[in-house]
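The following exercises concern one protein model and are to be worked with the coordinates at hand. Each task is followed by a stepwise solution.

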Amino acid sequence: MVTNQFRRCVVSSSLAIIAMVLLNPLSAREDSPRPQQRPALTTSRVVGSPEPPLPYVTERAFPALKFNNVLDLVAAPGTDRLFVVEQSGKIFSFVDQPDVSKADLVVDLAAQIPGVRDSYALAFHPDFKRNRYCYICYLEAPDLPEGTHVSRFQVSDTNPPTIDVSTETPLITWRSGGHNGCCLKFGPDGYLYISTGDAGPANPPDIFKTGQDISDLLSSILRIDVDHADEGRNYRIPADNPFVGQPNARGEVWCYGLRNPWRMSFDQKTGDLWVGDVGWELWEMLFRIERGGNYGWAVMEGRQSTHPEWPRGPSPFLPPVIDHSHNESSSITEGLTYYGSRLKELQGVHIYSDYDTGKFWGFRYENGRVVDHRELADTTHRVVGFGEDHSGEFYILDHTAGTIHRLVPNPQEDLSKSFPRSLKETGLFTSVKEGKVASGVVAYSINAESWADYATAERWIAIPDQLAVTTTTTPWTYPLNTVLVKTLSLELKSGDPSSRKAIETQLLHFDGIEWMPYTYQWNDEQTDATLVAAAGAERVFTIVDSKGANDSEEGTTRQQTWRFAGRAECQRCHNRWSGPPLAFDIPQLNKADRDRSPSSQLQTLAAIGILDRTIPSEGQPELANPYDVNAGLDSRARAYLQVNCAHCHRMHAGGAVLSQMHYDLTLDKTNMLGVRPTQGTFGIHGAQVIAPGNPYRSVLYYRMSKLGGGRMPYIGSSEPDRAGIQLIHDWIEQLSPDLAPDQTGHEAALKQKQDDSEAINRLRQSSTATRETALVDQLLSTTGGTLMLLNAFDRHELPRELTPLVIERGTMHPDASVRDLFERFVSPDQRVKRLGSVIEPRQILSLTGDVHRGRQLFFETASVNCKNCHRIEKMGKEIGPELTTIGKKHSREQLLESLMEPSKRIDPKYVTYLAETADGRLVTGLLISRDDREVVLKDAQDQEIRLPVADVEQLVPQQQSLMPDLLLRDMTAQQVADLLEYLGSLK
């Protein structure tokens, strides 16, 4: 087969042996001459992108001007000047002309006001032409209770203008810190709006727990009247501010629940206030601000739950209008709604950017909806802010370069049609069918492979000409159009290498700014592979198992669904926070060339010119092979977490929890040991991310063991890795319980573990079917017991006769936390079709529904059970919202979203609470009442559960709807369309 020819290019345990034709000089034998400079690669056609170029690029707006750490640009009303704020405290002005040659110093606050260290923002009074007032936000040292200031100053009526600091009138102060906010904008109502952050560092989140606290000025947008003064203040609080008169509330607060609202803008025509809120670990958010709005921080980060147990403010959460995941954005910079004349096609478009990625996006906001949302430009700028002149033209501020730019139409020719749509067209192979790479393409191998659903990987690096990777920078610097190639192959008969078939080849292409991922799907003939669409694809393969999925006899066939990841999925891992590209670094490359001992692969890569210098292998980090049983357990487990988890679970890389899983942290610094999980406990009593010594109490082990929602790794695989699961089990079990800083619940968990272990021992020796069933059900009654039963099953410690019983009881269990652990024993083609990977909203919405059939589904179909929670026209129960007029409130699209993602938006009245009792029970339901004596919850069966307060260890709100997340999983597309048609008719 062709895959055998591929393997002849890359030996499984070393580099390819094709030095005689110089296709891969890495594999020369020990007695061979030292590897020579590789041949120049001149055939690669991986250039550009399969997508058309973005519509805009940038150009310098005032080429002669350059500032130091520019932060803000504002036009002074009634003048021809633009004012620029530098972070150091200096403010300059210059004439608004393209050929302006110099800027004039207006004031140096740091030099003239004791204690000033930074200046952040500037705003001019709407009646500036008459009163000459401006407002400046400046900062003193961090962590001062009143270290952030907003003051009024007077600007001289001279040319050039200046500011005399003696004219300062202090207005308002708040705590200084990492997140200060500090944007100043006058609204159409004439009031001054001021943004404030949570005054905390990047991590941990909201250290002052101020996000939901309206008794201070932090994490808010403030609204004050600067033209009048209340007693004791140099401003007045408008009487219509939302929290005026509320006990312990600051009347200045207009809205709250923001982390670091760095920049905001008013739409000149609609008056809408837009704020970009810099996110934490997962999302960057753009909010349309409402009076009294609560935007969630730090209970929520956008729509993502962060600290559900923290207190909440007095108003319900409002979701972002737009959110970007950290695969494309990490520090949002709000812009403006454009009404200028230079770029006519952008009139009425709201434009914003990102500080870290330099990307620009635009959208229109019409009838309460975002339309035409698209990427406009991709730049290298550190976009810290936008400025606008009197004619409505906008400018872009590059903080690091200190330069001012503007968008202009992109002159780049559209070369997308020439981007290779097949492997043959890439120029990286002289013969794809025979598996021969082009001259200058070099194979390499790595120490620790990630789990890829039983597939094995072969890797090459292709650098144009004879250029090299610069290893003296951090991260390493790659030449333009470098390509990393990985082919994944699957054994169609497990355990038989001759049955191996190439499934996909992945390319990572460095375009000079980003690493862009592309996937090519191999054809059945193994002659070529074609480019997969940006959204990805799926294909089902028939696998003959040497031992079936149910531990059945050899020769059992199963259906395995293979996911060809979409480009956005790939970038969730290959992003700049994870240090792209993954796996081409010292810990992965630092390994011996077994055919040329004692040389190392790092030395060979340098010798042939892939690396710009020789890196000694001694003293350098080296990842262990997680599947090498001869390596140390700790090093194997940490390597496994590194290659499967750490690209998300590291600071700023997109993980929704604080656990850090990269190998170079000491275990006590990972925030996993003894730490209570923030994203769900899955019914595990006293759950911890890692409970040292007790894998059955460890959510890390549980998530790896299950299928369906909440499974980890989240991206890159869909089949369970039994060897990896066993590795993490054994590693956790040998950790000393003393490593957990919090020993709360340890004794109770240990007792539960001992009881479960005793049940396992009795099960091993059981002789009656009744006894066996009772013991299995006893273990399946708790998540921890289920994990222990599953581990014993995988280790073949139970009588083989128990196999059908254990699998049947597990796969049919009513508790999803248990059932998900056993779904891997069900053939993939028979598994539940889960949301996110199979259900396509567009497909459902394109179908014509039937109202009558939809009504039958709602009231009569047992598997749907809508009537068990919702009431329509006095029929059904009222656990969830009443739906008699739901069609008036929501479109079909919104109804479908609520069915697919019921926890995305939850009415505060229907927030679910989790109660953990002293005896280890976990009770979930709607909070009916709570007083000094008891807590009353209503569960999903409409039953009231009364718990004495003394028995409740903790009661926390959850961002999880009582409506099941997998509500649609057993329904056909037509059934869902029928249900939507019925619900939409309820008006």
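Contact here means heavy atoms within 4.5 Å. The model under study is predicted.

**Exercise 1. Determine which residues I690 is in contact with, leaving aside its neighbours within four places in sequence, and place I690 in its nonpolar core.**

Step 1. Apply the 4.5 Å cut-off to heavy atoms. With neighbours within four places in sequence left aside, I690 is in contact with M672, L673, G674, S698, L700, W731, I732 and L735.

Step 2. Turn to the core. The largest nonpolar core has 49 residues, and I690, I728, W731 and L789 are those with the most contacts inside it.

Step 3. Identify the helices that contribute. At least two residues of this core come from each of α8 (633-644), α9, α10, α11 (746-765), α12 (769-780), α13, α14 (803-811) and α15 (816-822). Helix α13 gives the most, with six residues.

Step 4. Separate the other core. Apart from the largest one lies another core of 47 residues, which includes L184, Y235, V278 and I404.

**Exercise 2. Assess the length and burial of helix α13 (residues 783-794).**

Step 1. Compare spans. The twelve residues of α13 reach 16 Å from first C-alpha to last, close to the 16 Å expected at 1.5 Å a residue.

Step 2. Examine burial, for which the cut-off is under 20% relative accessible area. Twelve of the twelve residues of α13 are buried, so the helix is largely enclosed by the rest of the structure. Among them are T783, N791 and D794, as well as L789.

Step 3. Inspect what follows the helix. Just after α13, H796 takes a positive phi of about 60 degrees.

**Exercise 3. Is K706 buried or exposed, and which side chain does its own side chain join in a polar contact?**

Step 1. Locate the residue. K706 lies in the loop between α9 (699-705) and α10 (722-734).

Step 2. Read the accessibility. The relative accessible area of K706 is 1%, therefore K706 is buried.

Step 3. Find the partner. The side chains of K706 and D820 are joined by a polar contact of 3.1 Å.

Step 4. List the contacts. Not counting residues up to four places away in sequence, K706 touches F682, R711, D820 and L821.

**Exercise 4. Describe the sheet that contains β2 and β3.**

Step 1. Establish the order. Four strands form an open, antiparallel sheet in the order β2-β3-β4-β5. Its edge strands, β2 (70-75) and β5 (104-108), each pair on one side only.

Step 2. State the twist, which averages 25 degrees from one strand to the next.

Step 3. Examine one pairing. Strands β2 and β3 (residues 81-86) pair in the antiparallel sense over five bridges, and A75 stands opposite L82 in β3.

How values were computed. Residues numbered from 1 in each chain as written. Predicted model: local features only at pLDDT ≥ 70, side-chain atom pairs only at ≥ 80, totals over all residues. Heavy atoms only, no water. Buried < 20%, exposed > 50% of the residue type's maximum accessible area, 1.4 Å probe, protein only. Polar contact = N/O pair within 3.5 Å; in protein donor to acceptor, adjacent residues only side chain to side chain. Expected span 1.5 Å × (residues − 1). Pairing = 2+ DSSP bridges. Axes fitted to C-alpha atoms, helices over the stretch in contact; angles between N-to-C directions. Core = buried A, V, L, I, M, F, W, Y, C linked by side-chain atoms within 4.5 Å.
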